[in-house]
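Student: Could you take me slowly through one part of this structure, the place where the metal is held, and then set that part within the whole chain?

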Amino acid sequence: MDHERIDAALREASDTRRVVIGAGALDAVESTFAQCFENAPVVVIADENTFAVAGQAIHERLRAAGRALEPAIVFPRTPTLYADFEHVLALEERLRTFDAIPLVVGSGTLNDITKLAAHRAGRQYMCVGTAASMDGYTAFGAAITKDGFKQTMACPAPRALLADLDVLAGAPSQMNATGYGDLLGKVTAGADWILADALEIEPIDPRAWPLVQDSLRDWTARPDLLHDGARQTIAHLFEGLIMAGVAMQISASSRPASGSEHRFSHLWEMQALGHGHPAIPHGFKVGIGSIAAAALYERLLTRDMRALDLDALCRAWPSRAEVERRVRQGHDIPQLAENAVAESLDKYITPKQLRARLTLIQARWPTIRAKLEAQLMPADQLRELLTSAGCPTDPAEIGITIAQLRESYWLARTIRSRYTMLDLVNETGLLDACVAELFAPGGYWARY
Ligand SMILES: [Zn+2]
């Protein structure tokens, strides 16, 4: 755990002031809270599981230290808690009945609910993480489902984050595996940012990039050790997830941590939500999304961009109305379709702009390609690492059929205006041929 690096990153961050991670870190809960909130009263928020694991001990420690406490808010074990807007409103209402600072003990769902509810109640908050399960702890914004639709709602990251390695190591192994999938996804996310930067669409933020990318290979090197609850490996994983969150905080954008692999994941998440299918852990979808993206990158990197027929590509380029029609037709969930139409039109370029972009791609491809090759890992290597971490790698394991996966290669592009390799294969007219190769006998997905 590189505390100096984390502290240096936090000096650039807007919301989070303190991050404390270590074995026995629960002992520092009162001092950390005091550094950020002085004498303010506190309310511990947890669910039955996290209250038993750490919440109760935290509550007792704060009480023993003489701090004013509201009774803890503990969500029941059943029904399963989802990060939906109703829970946010209910918690907000509760928080408005007193002045205490929320201290949430939990991971993704509990943190997202508390993050947004605290913000709506005009309160900063503190988080005690209980699993290395995702990169949202230190990220700006909360992923909340409203009206059957998952969206990222703007709200600040916690003022302080504390995580005890003994607690993280004791988390269900599936939770730390899903965090590993989320972290490994930064490989393709970085490749997509390299593309957007080189094509002058979205410059790389020099403050955020190194936080995520400089140690990514080290953080993800030994997934096999995650199972044994190895403190060092879990510390690495958690450090990576925290740094990714801080990078998003610094950039005020999820770009440093999210590219085409997250487009696949979000598409599948919204499809499952729309069709009433069970929810799959975030990092499991991101992991398979990373394999899907890396496999497409492999096909793309075999192409010679000088061979592109710019005249033909510009002639065949769809109008705004045609894009709208195709995108709306492609999605079978009305709200998802509407959202995808808006996102797709937001990044629409004219045939003239397309010609300029293709010219730039041709001119810069040798440089771009070299950078992509340095950044990426082969799809097979990602698959081995994910398998070793205990993550699924067969789309069927997360409820995605091969036909759905194939369709996702074009649908994933439509749900977000952010530029990724999925846009590049579309603009260069290479999407259909590359995807056909992936699913042909002997192609990457032929084994499934
Ligand atoms: Zn993620």
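Tutor: What follows begins at the metal site and then moves outward to the chain around it.

The model is a predicted one, and in it the zinc ion is coordinated by three side chains, D182 through OD, H262 through NE2 and H282 through NE2, at 2.1 to 2.2 Å. If you follow these donors along the chain, their spacing reads D-x79-H-x19-H. Two of them can be placed on helices: D182 belongs to helix α7, which covers residues 173-184, while H262 belongs to helix α12, which covers residues 260-275, so this pair ties together parts of the chain that are 80 residues apart in sequence. D182 and H262 are both buried, where buried means that under 20% of the relative area is accessible.

Turning to the chain that surrounds this site, you will find 21 helices and eight strands. Its radius of gyration is 22 Å, close to the 22 Å that the globule rule gives for 448 residues, so the chain is as compact as a globular protein of that length. Measured out along the principal axes, the C-alpha atoms fill a box of roughly 75 × 40 × 40 Å. Buried residues make up 57% of the 448 residues, and among the contacts with a separation of 6 or more, 79% are between residues 24 or more positions apart. As for the outside, the accessible surface comes to about 17,900 Å², and carbon and sulfur atoms account for 50% of it.

Conventions
Residues numbered from 1 in each chain as written. Predicted model: local features only at pLDDT ≥ 70, side-chain atom pairs only at ≥ 80, totals over all residues. Heavy atoms only, no water. Helix = DSSP H or I, 4+ residues; strand = E, 2+ residues; numbered from the N terminus. Rg over C-alpha atoms; globule rule 2.2 N^0.38 Å. Buried < 20%, exposed > 50% of the residue type's maximum accessible area, 1.4 Å probe, protein only. Contact = heavy atoms within 4.5 Å. Areas by Shrake-Rupley, 256 points an atom, 1.4 Å probe, with all protein chains shown as cover. Donors = N, O, S within 2.8 Å, 3.2 Å for Na, K, Ca; no water.
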